[in-house]
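Student: I would like to learn how to read the features of a protein model in a systematic order. Could we work through an example together?

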Amino acid sequence: QVQLVESGGGLVQAGGSLRLSCVASGGTISSYTMGWFRQAPGKEREFVAGTNWSDGNTRYADSVKGRFTISRDNAKNTVYLQMNSLKPEDTAVYSCAAKQGLSVTASYNYWGQGTQVTVSS
């Protein structure tokens with residue numbers, strides 16, 4: 001069973017950048033579709049970005065396209081989320097997720113505990 005641990009969250013001013021990391025153990029991420037989700041207070045969890053293990057198909061939520069980039073380092077068993085041009089509405093708990101299917105936007109089986117990202121105006 002895959003365990004996921006996120007890091008890299010924090011407080012940043014609008015327009016700034018953060019890079020989130022998600023280290024996996026108990027499995028190699030080269031065999032998993034990996035995704036990032038976020039949940040803001042009072043809102044449902046939403047898909048942010050994902051990349052599958054097969055053909056590298058990558059998808060982004062419309063709200064983050066052009067600002068966020070998901071990447072993976074299979075040698076380090078780590079997936080990243082580079083977040084640029086951050087906005088206050090990006091404030092949320094960001095969670096890493098993994099699955100063995102190919103669809104990158106839903107139905108993930110394994111979840112990390114999340115890391116808080118706060119963007120001040």
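**Reading the fold, the core and the backbone**

Student: What share of the contacts in the protein chain with a separation of 6 or more comes from residues 24 or more positions apart?

Tutor: Please note at the outset that this is a predicted model. Residues 24 or more positions apart account for 58% of the contacts with a separation of 6 or more.

Student: How many helices and strands does the protein chain have?

Tutor: There are 0 helices and 11 strands. The pattern along the sequence is accordingly written β-β-β-β-β-β-β-β-β-β-β.

Student: How does the radius of gyration of the protein chain relate to that of a compact globule?

Tutor: One sets the value beside the expectation for the chain length. A compact globule of 121 residues would have a radius of gyration near 14 Å, and the 13 Å of the protein chain agrees with this. The C-alpha trace spans about 40 × 25 × 25 Å along its principal axes.

Student: What percentage of the residues is buried, and what does the protein chain expose?

Tutor: Taking under 20% relative accessible area as buried, one finds that buried residues make up 45% of the 121 residues. The exposed surface amounts to about 6000 Å², and carbon and sulfur atoms supply 45% of that area.

Student: Which residues have the most contacts inside the largest nonpolar core?

Tutor: They are Leu-4, Trp-36, Leu-81, Met-83 and Tyr-94, in a core of 29 residues. Elements giving two or more residues to this core include β3 (18–25), β4 (33–39), β8 (78–83) and β9 (92–99). A second, separate core has 5 residues, among them Phe-37, Phe-47, Val-104 and Tyr-108.

Student: Which residues does Leu-4 touch, leaving aside those up to four places away in sequence?

Tutor: Among them are Cys-22, Ala-24, Met-34, Cys-96, Tyr-110 and Trp-111.

Student: How are the charged side chains distributed?

Tutor: One counts each sign and then compares the centres of the two sets. The protein chain carries 11 positive and 8 negative side chains, with the two centres 2 Å apart.

Student: What sign does phi have in most residues other than glycine?

Tutor: Most such residues have a negative phi. Ser-85 departs from this sign, with a positive phi near 50°. Ser-107 also has a positive phi, of about 65°.

Student: Where are Ser-85 and Ser-107 found?

Tutor: Ser-85 lies in the loop between β8 and β9, and is partly exposed because its relative accessible area is 40%. Ser-107 lies in the loop between β9 and β10 (110–111); with a relative accessible area of 59%, Ser-107 is exposed.

Terms used
Residues numbered from 1 in each chain as written. Predicted model: local features only at pLDDT ≥ 70, side-chain atom pairs only at ≥ 80, totals over all residues. Heavy atoms only, no water. Helix = DSSP H or I, 4+ residues; strand = E, 2+ residues; numbered from the N terminus. Rg over C-alpha atoms; globule rule 2.2 N^0.38 Å. Buried < 20%, exposed > 50% of the residue type's maximum accessible area, 1.4 Å probe, protein only. Contact = heavy atoms within 4.5 Å. Areas by Shrake-Rupley, 256 points an atom, 1.4 Å probe, with all protein chains shown as cover. Lys, Arg positive; Asp, Glu negative; His and termini not counted. Charge placed at Lys NZ, Arg CZ, Asp CG, Glu CD. Core = buried A, V, L, I, M, F, W, Y, C linked by side-chain atoms within 4.5 Å.
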